Amino acid sequence: MSDPFFKPISGMELPRFAGVPTFMRLPLVPVGHDRFASVDIGIVGLPWDGGTSNRPGARHGPRQLRDASTMIRAEHPVTGLRPYEVANVADLGDVGPNPVDLHDTLERIEAYYLGLKAAGVRPLSAGGDHLCTLPVLRGLAKDAPLGLVHFDSHTDLFPAYFGGRALTHGNPFRVAVEEGLLDPKRCVQIGIRGTAYDSADRDFARANGIRIVTIEELFARGIPDVMAEAREILGRGATYCSYDIDFIDPAFAPGTGTPEVGGPNSFQALQVVRELSGLNIVAADLVEVSPPFDPSGGTAWMGVSVMFELLCVLVQAL
Ligand code: MN
Ligand code: MN
């Protein structure tokens, strides 16, 4: 049973358009708060997009996601799960980035997640661009590699762009595998599509045993069949779920830096997460919502709807 302190504000008490927005209308409990030690699952904002190679703006994601998340209610529509009655969930605030120093920012995020791991808090993170996931994994997986279920239209397994060794949102998972943070035999990437310059990312996946499910295969076999295979690959081991909003068709989520057409609709976007039920998901993120490209706010609404699904999977795995 959860502590009543961690209940979100109900729209039956204060209308959802009123009040100061926190994630899911939960209490704000930053590290150092006197209730921090009671947090089971912490929602963290990562307002940083210094790894973006094309259209930026995801640094503004957490604030817009917080605002949109005030629309989310307390009970899951299919399973009936009421996550806030099972676990102590809080908005932990943002990790403050250094917007003009990529490596300083990566160190700040890594140190923050090392602290969460030491405190036993399971994080649900809101990006920010996809490079944010690399320092999160450095903080969580130094001692034992994690499995990965990754929804994206891109593999993010590319070699450094522009030569050299630059870290970008196109290579967090390649670097994470190279650093031993992920077990490549327990990595599944789903929804991959779009034009390419070369096959270096897929060559890396093949050489390391990473399973790639293209969008063609996902639609040909159907989501339940593909997700059954994913559950088999991931097994009972600790698993990270990383969800790039560009997994979803840009008709439903246009507010992102590198959209790719021909993707899942908004129902399928939620269905894939529901299919993670029963897995040992120990942390998750939702990244790449870029408010400057989201004038309707619909992408943020899609994003927080995915975040609620991820939260329910995290609660089930406690
Ligand atoms: Mn992507
Ligand atoms: Mn990505």
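"Buried" here means under 20% relative accessible area, with exposed over 50% and partly exposed in between (1.4 Å probe, protein chains only). All views come from a predicted model, in which local features need pLDDT of at least 70, side-chain atom pairs count only at pLDDT 80 or more, and totals for chains, interfaces and linings use all residues. Residues are numbered from 1 along each chain as its sequence is written, chains are lettered from A and ligands numbered from 1 in the order in which they are written, and side-chain values use heavy atoms, with hydrogens and water left out.

**View 1. The manganese ion (ligand 2) and its four residues, H130, D152, D156 and D244.**
H130 coordinates through ND1, while D152, D156 and D244 each use OD, at 2.1 to 2.2 Å. Donors are N, O and S atoms within 2.8 Å of the metal (3.2 Å for Na, K and Ca); water is not among the atoms, so sites may look incomplete. Read along the chain, the spacing of the donors is H-x21-D-x3-D-x87-D. H130 sits in the loop between β3 (122–127) and α4 (133–140), and D156 in the loop between β4 (146–151) and α5 (172–178), so this pair ties together parts that are 26 residues apart in sequence. Helices (H or I, at least four residues) and strands (E, at least two) are DSSP runs, numbered from the N terminus. Both H130 and D156 are buried.

**View 2. The manganese ion (ligand 1), with D152 shared between the two metals.**
The protein donors here are D152 (OD), H154 (ND1), D244 (OD) and D246, which is listed with OD twice, lying 2.1 to 2.5 Å from the ion. Their spacing along the chain reads D-x1-H-x89-D-x1-D. D152 coordinates this ion and the manganese ion (ligand 2) as well, and the two ions are 3.2 Å apart. D152, in the loop between β4 and α5, and D246, in the loop between β7 (239–244) and α9 (266–274), link distant parts of the chain, 94 residues apart. D152 and D246 are both buried.

**View 3. Helix α1 (residues 61–69) crossing helix α10 (residues 298–316).**
The two axes come within 8 Å and cross at roughly 75°; axes are lines fitted to C-alpha atoms, for helices over the stretch in contact, and angles run from 0 to 180 degrees between N-to-C directions. That makes α1 and α10 roughly perpendicular to each other (under 35 degrees counts as roughly parallel, over 145 as roughly antiparallel, 65 to 115 as roughly perpendicular and the rest as oblique). Q64, L65, A68 and S69 of α1 meet A300, W301, G303 and V304 of α10, where contact means heavy atoms within 4.5 Å. Sorted by type, the residues of this contact are five nonpolar, three polar and no charged (Ala, Val, Leu, Ile, Met, Phe, Trp, Tyr, Cys and Pro count as nonpolar, Asp, Glu, Lys and Arg as charged, and the others, Gly among them, as polar).

**View 4. The buried residues of α1.**
G61, P62, L65, R66, A68 and S69 are the ones to look for. They cover an arc of only 165° around the axis, which puts them on the same side of α1; the arc is that of the directions from the helix axis to the C-beta atoms. Their cover includes β1 (41–46), β2 (89–94), β3, β8 (281–287) and α10.

**View 5. Backbone oddities at M24, R25 and the G127 to G128 bond.**
Most residues other than glycine have a negative phi, and most peptide bonds are trans. M24, in the segment before β1, has a positive phi of about 60°, and R25, also placed in the segment before β1, has a positive phi of about 65°. M24 counts as buried at 2% relative accessibility, and R25 does at 5%. The peptide bond from G127 to G128 is cis, with omega near 10°, and G128 lies in the loop between β3 and α4.
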